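This briefing concerns the surroundings of a bound ligand and the salt bridges of the protein. Please consult the sequence and structure displayed here alongside the notes that follow.

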Amino acid sequence: MNPYLDDDLRALADQVRRFATERVAPGFQERDRTRVLDRTLMREMGALGFIAPELPERFGGLGTGCLAAGVIHEAIARADLSMSYINLLGSLNCQILAEHGRPEVVEPWLQRVTQGEALLALALTEPRGGSDAASLRLKMEPAADGSGDWLLNGEKTSISAADQADAAVVFARSGRVEDGARGVSALFVPLTLPGITRSRFDCHGQRAIGRGSLHFDNVRVPNSHLLGAPGAGFVQVMQGFDFSRALIGLQVLAVARQALDETWSHVGERQAFGKPLAAFQGVSHTLATLDTQVEAARLLCLQTLWLKDRGLPHTAEAAMCKWWGPQLAYDVVHQCLLMHGHGGYDRGPMEQRLRDVLGFQIGDGTAQIMKTIIARTRAGRAAVGV
Ligand SMILES: Cc1cc2nc3c(=O)[nH]c(=O)nc-3n(C[C@H](O)[C@H](O)[C@H](O)COP(=O)(O)OP(=O)(O)OC[C@H]3O[C@@H](n4cnc5c(N)ncnc54)[C@H](O)[C@@H]3O)c2cc1C
């Protein structure tokens, strides 16, 4: 029980948890091996209204608040963090498309995504770096034939679902490099357009969703696919990240909660020196400390979504969720693995969780960048200097 989740949200959480236990959890390890996202499950999630429910009904959503998206992310991630990327990429990209896309272009895609028929990627990072995103270089120029189309040339890298997504929100340099963030535009790009090639990396974790590169070689994108005004792309994505950062916090903390629950049971049963492991304070106090921190961090994430639902500022809170959640989740799963002894080190759910949560200490921005955002919000951009 907590003040953020009312009866409706708790009922929704129960419904998603039942689905996740019966349908998502059984394939958790198999998907890590095959590295294929299960599109049948994605369609089932869509049919149940689990993808981007916060979107208005005319876009295929249910018109719920963002807290509903949060409880769904938690329940799916608890069963498989990779599968909950469907929710994350859906909520993050659909918000950008719904707010900034031309209705005739984006509405059919929003319907397909919410129904679980399509998966979208978000392409910001480039080979020369991700933290300093405002200096990105993917070239976006008007086509010379006067058609109004745009031509894209260059590479995006480390993009989640690069080879599995159907379309992507792509950020490109339409202005001068010296203009920094103000020279960046966003385009909605179906990934079947001529001139796009894709590759897949051999990732440490999150293997069912995967990451890879997108190469653009004279890719022609109609002007109707521009998201917002030219040069406004960077501001748009930054607003979207305030949402996804709270959702990521809930995803990784749900993985930590599952690991803790399993480990509390394990240490209650397994004996050493004639007692259950839980009788040793080196074991139980360590778990109690981490359990306390997971509860607190989860409340921060829910509070951030609660602020978003009320249209209140939440940029610093979102950055707090994004650095604290993944770091804490990694520490929790690490300790849980150790408390399973040699068995925890075998290929299995605990070591997979450790690999899975680690990715979010980097993806969507590192802890250093999140702390800079918090400092900017508190002390002012001029004082922080970056
Ligand atoms: C699992 C995963 C999923 C991802 N998914 C996507 C995706 O879907 N789309 C996408 O666009 N990108 C994605 N990324 C890329 C990710 O956003 C970048 O890796 C991240 O922003 C860091 O950029 P970088 O790897 O180039 O590191 P760099 O920018 O080179 O940074 C390297 C190190 O230097 C530190 N550093 C840099 N600048 C500063 C500073 N000013 N102060 C202090 N420390 C600093 C960083 O914190 C980091 O530790 C994903 C990455 C991972 C691992």
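In this predicted model, a nitrogen atom of the ligand lies 2.7 Å from a polar side-chain atom of threonine 125. Glycine 130 places a polar backbone atom 2.7 Å from an oxygen atom of the ligand. Serine 160 has a side-chain N or O atom 2.8 Å from a nitrogen atom of the ligand. The protein buries 64% of the 970 Å² that the ligand exposes when taken alone.

**The shell around the ligand**

- The ligand is surrounded by 20 residues, of which Leu122, Thr125, Gly130, Ser131 and Thr366 are the closest.
- By residue class, the shell holds eleven polar, seven nonpolar and two charged residues.
- At least two shell residues each are supplied by strand 1 (120–123), strand 3 (150–160) and helix 12 (367–379).
- Strand 3 provides three residues, the largest share of the shell.

**The pocket**

- The largest pocket is the space taken by the ligand.

**Salt bridges**

- The count of salt bridges in the model comes to 24.
- One salt bridge joins the side chains of arginine 39 and aspartate 166, with an N to O distance of 3.0 Å.
- This pair links distant parts of the chain, since its members are 127 residues apart.
- Arginine 39 belongs to helix 3 (residues 39–47), whereas aspartate 166 lies in the loop between strand 3 and strand 4 (167–173).

Conventions: Residues numbered from 1 in each chain as written. Predicted model: local features only at pLDDT ≥ 70, side-chain atom pairs only at ≥ 80, totals over all residues. Heavy atoms only, no water. Near = heavy atom within 4 Å. Polar contact = N/O pair within 3.5 Å; in protein donor to acceptor, adjacent residues only side chain to side chain. Areas by Shrake-Rupley, 256 points an atom, 1.4 Å probe, with all protein chains shown as cover. 1 Å grid on protein atoms, 1.4 Å probe; cavity = no way out; pocket = protein on both sides within 12 Å on 5 of 7 lines; lining within 4 Å. Sits in = over half its atoms within 2 Å of the grid points. Helix = DSSP H or I, 4+ residues; strand = E, 2+ residues; numbered from the N terminus. Nonpolar A, V, L, I, M, F, W, Y, C, P; charged D, E, K, R; others polar. Salt bridge = Lys/Arg side-chain N within 4 Å of Asp/Glu carboxyl O.
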